[in-house]
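User: Hi! I'm new to this one and would love a quick tour. Could you walk me through it?
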Amino acid sequence: MTRRISRIATSAVLILALAGCGVSLNQTPGAVGGGNFGGLPTAGGQGSEAGFRNWVQSFRPRALAAGISPGTFDSAMAGAHYQPSIVALDRKQSEFTKPIWDYLDGAIGTRGATGRSKAAQYASTLSAIEARYGVPREIVLAVWGMESNFGANRGNTQIVPALATLAYDGRRGEFFAGELVAALRIIQSGDVDSAHMVGSWAGAMGHTQFMPSSFLSHAVDFNGDGRRDIWSNDPTDALASTASYLRQNGWRPGQSWGTEVILPQGFDFNQSGKSVQHSGSQWAAMGVRTVSGAPVPSGSILAPAGARGPAFLITENFRAILKYNASDSYALGVAYLGEAIAGRRGIQGGWPRGDRTLSNSEKAEIQRLLMARGFDTGGVDGKLGSQSTEAIKAFQRSRGVTPDGYADTRLLAMLRS
Ligand SMILES: [Ca+2]
C-alpha cells in the first residue's frame, strides 16, 4: 500500500467563492506575482475614493520595485477608481451552496452539445493543441465550457481597477496586490492594453479565466501573431494556454482523468480519499471494478457523497484539473462535461438527491464541534475541504460508523449529541 499526503491538500490555494455560482470556485493557480506587499494602508471594508488614491500612491514604489515602469503604472492607474460594488461582491457569502449533484447537472446541462459543435468548429486548432500538449480536446473544451460557457461569459470588468480595489480593500489584499503587479506586467509586455484587459470581478480573464499570475506562467501565443491573446473572440491562444497549464501541472498524455467505479460490499472507506493511492491491480484485488468493465487505473477513490453516492477512481490527470481549480466538484464537472462532449456515458451511480442541503452555518457548526472533540478541521469557515473531510472520517471511525467523510444531517446530529 502506498499512502501519501495529497499535494492538493497541502498546497497553498486560494479559493474564491464566485457569487451566484454555487460550489464553483475561482482558480487558484500560479505564484503570486511579486514581492511582499504587506503593511500597506488597506481599507478594511471602509473604503473611499480618497483612501483608494492614497493606497495607489503608497503601492506605486512597490510596483516599481517589482519591475513595473513608471509609465506603465501611471497610465494603467490613471483611470482606476475605487469600486464599492466589487468589494460588495467579495464580501457576499451565500448561506447555501448547491449539492454536488445539482452543481454537476447545471455545469453539464446542454453544454455537451455546444462542446461538440465547438469541437467541429475548431477541429484543426484542437488537433494542433493535442499534438503539442497531449491534453485531449474534450478536456480543453470542457474547461472552456465550465469557465466561460465557451466564451459567452468572459466578463467585461476592467481588471486593473478591480484588482486595485480588492488589494486596497485588504480582506485578501496580499493576494490581490500580487495579482495586480502580474496584471501590470502583462500590460507592460504588450499582450493587451489596460482598456482591453477585462474579465470577471475577481481578476479571472478571458475564455478560460486565467488569473494574471497564471497568465504569466502559462499563457502561450499559439496562433503566432506575436501576442498572447486570451481576450479576443478567437479562442486559440486561450485554449492552448489551458492545455499548457494542465500539461505543466502534471497532465499525462494518453491517460484519462479517471473513471467511475463500483465499490464492493463492505468496502473499507479508510481507503477512500485523495491521500490514499493504490495501483489498479491493488484496487482490483480489493474488489473495486470500473463501471465500463475496463481495467482499474492507478489512483485514489473519490466518493463525494459518501457511501450512498457514486465513486470515482481519479488519476494524476484529475489532480492536474484540480490545479486549475481546487474543487472536487469543479474537476468532476470538467471530467464529465468532457465525457459528454466526447459522446461517452455520464455518471451511472445515483446520488442521494433526497438529502437536505446543509447550510454554511451548519457546516461551520460541524467544524466547530469536530474541533471541540479534538478533530482538526484546520479552521471554521463553513467550507468542508480536504482537511475537514479527513476530520469527519476520523470522527466517524471513532464512532464505529462508515468513515466516508460525508457531511449530512445525520453527522450533524451525531456531533450535537
Ligand atoms: Ca496570439
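**A tour of the sheet and the domains**

Analyst: Happy to! Let's begin with one strand pair: β7 and β8 run antiparallel and are joined by 3 bridges. Within that pairing, I301 sits opposite L313 of β8. Keep in mind that this is a predicted model.

User: Thanks! What is the strand order in the open sheet?

Analyst: The order is β6-β4-β8-β7, which makes 4 strands with antiparallel pairing.

User: And which strands stand at the edges?

Analyst: Those are β6 and β7 (300-302). Each has a single partner strand, so one side of each is left without a neighbour in the sheet.

User: How many bridges are there between β4 and β8?

Analyst: Strand β4 (residues 258-262) pairs with strand β8 (residues 311-314) over 4 bridges, in the antiparallel sense. One residue to look for is G258, whose bridge partner in β8 is I314.

User: What about β4 and β6, how many bridges there?

Analyst: That pairing has 2 bridges and is antiparallel too, with β6 covering residues 289-290. There, I262 stands opposite R289 of β6.

User: Switching topic: which domains does the chain have?

Analyst: The domain assignment gives domain 1 (2-8 + 256-341) and domain 2 (360-416). Taken over C-alpha atoms, their centres are separated by 22 Å.

User: How many residues does each domain bring to the contact?

Analyst: Domain 1 brings 11 residues and domain 2 brings 8 residues.

User: What are the residues like on the side of domain 1 that touches domain 2?

Analyst: That side of domain 1 has 5 nonpolar, 5 polar and 1 charged.

How values were computed. Residues numbered from 1 in each chain as written. Predicted model: local features only at pLDDT ≥ 70, side-chain atom pairs only at ≥ 80, totals over all residues. Pairing = 2+ DSSP bridges. Domains from an automatic or database assignment. Contact = placed C-beta atoms within 7 Å. Nonpolar A, V, L, I, M, F, W, Y, C, P; charged D, E, K, R; others polar.
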